[in-house]
Amino acid sequence: MQHEMQMSILKELLQKLDDDVNVDAGVQYKSPTAFYTCPDQAQKEWALFFRNHPQLIGLSGDLPTPGSFVTTEDFGVPVLATRDKDGQFRAFVNACRHRGSQVATEDRGEASRFICPFHNWTYSPAGKLVGIPREKDFGKIDRSCHGLIELPAVEQYGMLWVHPNATGKLDVDALLGDFAPEIEDWDIGRLKYKGVATMDKRLNWKLANDTFGETYHFSRLHGSTLNNIFYIFYGDAIAYEANGRNHRFVFPSRSIDLLRTLPEDQWDMEGMAVVLYYFFPNIQMTVNRENVTIFKIYPDKQSIGRSITRVCNYISPELQESMDTGARVVIDEVNVYDQEARDGGNEAVSPEAVNEIVNSTLEQEDYYVGEMAQKAAESGALEYLIFGRNEPALHHFHTNYRDALGMPPLEQL
Ligand code: FES
Ligand SMILES: [Fe+2]
């Protein structure tokens with residue numbers, strides 16, 4: 001993110017903290033709870049937003065070398081994504097052209113060949129059919145048209161995008177809109193993949209997504225224990241910007257107060273605020289120069305009231321080095337909630353610290369209350385939820401979602 005933009009956001013946040021005001025959308029909405037339970041709607045969103053919508057499957061660091069691969073079935077189509085021997089990112093339907101078995105069964109790894117477990121037809125990382133056992137018995141197969149079915153795949157700005165439909169259109173600039181230059185600027189393509197946590201929860205994917213839509217709850221839901229993000233971040237003050245169907249949402253770390261005594265030309269967002277991007281329909285991504293965490297939220301196709309969240313961590317080579325050498329103060333899972341342990345924004349925030357926050361906060365608290373809301377929605381006894389003036393990200397997501405499915409707009413309270 002450009003320095004001027006960082007300055008402007010940091011100033012806005014400090015002003016809001018000083019004035020004790022939050023972002024104000026100027027309107028409150030009613031959101032029907034059927035939104036989280038309607039089978040017809042679930043079917044439409046699955047078809048439109050998952051089976052036929054570009055999907056962010058990860059970052060360049062997920063495929064660090066030629067021969068690296070990852071697999072996913074999260075959006076209905078089994079996908080095998082590879083980096084071929086020329087370094088090209090490719091994606092295929094992970095289904096053998098003989099009788100459909102998956103040719104790669106691990107979540108990720110390295111392979112020079114993908115050997116189908118059923119009868120050992122063999123494919124290259126570029127998807128070519130390169131081996132058929134006992135072809136003399138099986139009969140001749142035209143290998144040139146029986147490679148893995150290729151899907152549109154684009155690696156851009158350090159992101160790996162796949163379209164689950166072989167004839168789908170994939171335009172990353174259009175998907176990112178005005179945030180594209182910012183994403184490019186973060187240079188997230190150089191980050192290393194550090195692991196994934198999966199949360200399988202009893203709440204609709206949109207309720208899971210909603211939990212990222214405000215910090216109004218920070219001091220309430222997350223203020224109840226000392227081991228909590230409320231002691232790292234301020235709630236009730238966000239800098240919010242929508243662009244198309246996406247948005248950017250920045251909230252301050254408590255360290256932001258250090259800026260008050262620092263000359264403005266030395267200001268830097270790192271360690272002072274959290275930048276959260278939302279990319280339609282199901283991606284939440286926190287970004288700084290050293291850590292990126294991507295939250296990919298998927299419906300459970302079998303159950304409207306369930307969802308899967310995959311939380312993927314990436315870190316910069318510099319952060320890895322700092323942790324390896326101990327050259328900087330390392331924030332880990334033990335000292336993560338201790339402001340005293342921090343080093344004016346120069347501390348090295350480890351993936352273990354991020355995991356601790358995600359576990360104690362998102363899993364134990366946000367999704368805990370989200371599951372309660374799902375029960376209320378399923379009971380049919382609660383007609384609607386309310387989105388406040390300080391929750392513009394919820395207004396934005398629900399408005400865009402409804403518009404995309406041709407639903408009437410939200411009603412004002
Ligand atoms: S199904 Fe793959 S080799 Fe037969
Ligand atoms: Fe939360």
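Before I begin, one definition: when I speak of a helix running at an angle to a strand, the axes are lines fitted to C-alpha atoms, for helices over the stretch in contact, and the angle, between 0 and 180 degrees, is taken between N-to-C directions. Please also keep in mind that what you have in front of you is a predicted model.

With that in place, let me start at helix α1, residues 3–19, which lies across β14, β15 and β16 and runs at about 55 degrees to β15.

Those three strands belong to an open sheet of seven, whose order is β13-β19-β18-β17-β16-β15-β14, with antiparallel pairing. The edges are taken by β13, residues 192–201, and β14, residues 239–243, and because each has a single partner strand, one side of each is left without a neighbour in the sheet. From one strand to the next, the twist averages 15 degrees. As an example of the pairing, β15, residues 246–252, and β16, residues 273–279, are joined in the antiparallel sense over six bridges, and Phe 251 stands opposite Val 274 in β16.

Now to the domains. The chain is divided into domain 1, made up of 3–51 and 171–412, and domain 2, which covers 55–162; their centres, taken over C-alpha atoms, are separated by 32 Å. Their contact draws 22 residues from domain 1 and 16 residues from domain 2.

Which elements give two or more residues to the side of domain 1 that touches domain 2? They are α2, α5, β13, β18 and β19, and β19 gives the most, with four residues. By class, that side of domain 1 has 14 nonpolar, one polar and seven charged residues.

Methods. Residues are numbered from 1 along each chain as its sequence is written. Chains are lettered from A and ligands numbered from 1 in the order in which they are written. This is a predicted model: local features need pLDDT of at least 70, side-chain atom pairs count only at pLDDT 80 or more; totals for chains, interfaces and linings use all residues. Two strands pair if DSSP finds at least two bridges between them. Two residues are in contact if their C-beta atoms, placed from the backbone, lie within 7 Å. Domain bounds come from an automatic or database domain assignment. Ala, Val, Leu, Ile, Met, Phe, Trp, Tyr, Cys and Pro count as nonpolar, Asp, Glu, Lys and Arg as charged, and the others, Gly among them, as polar.
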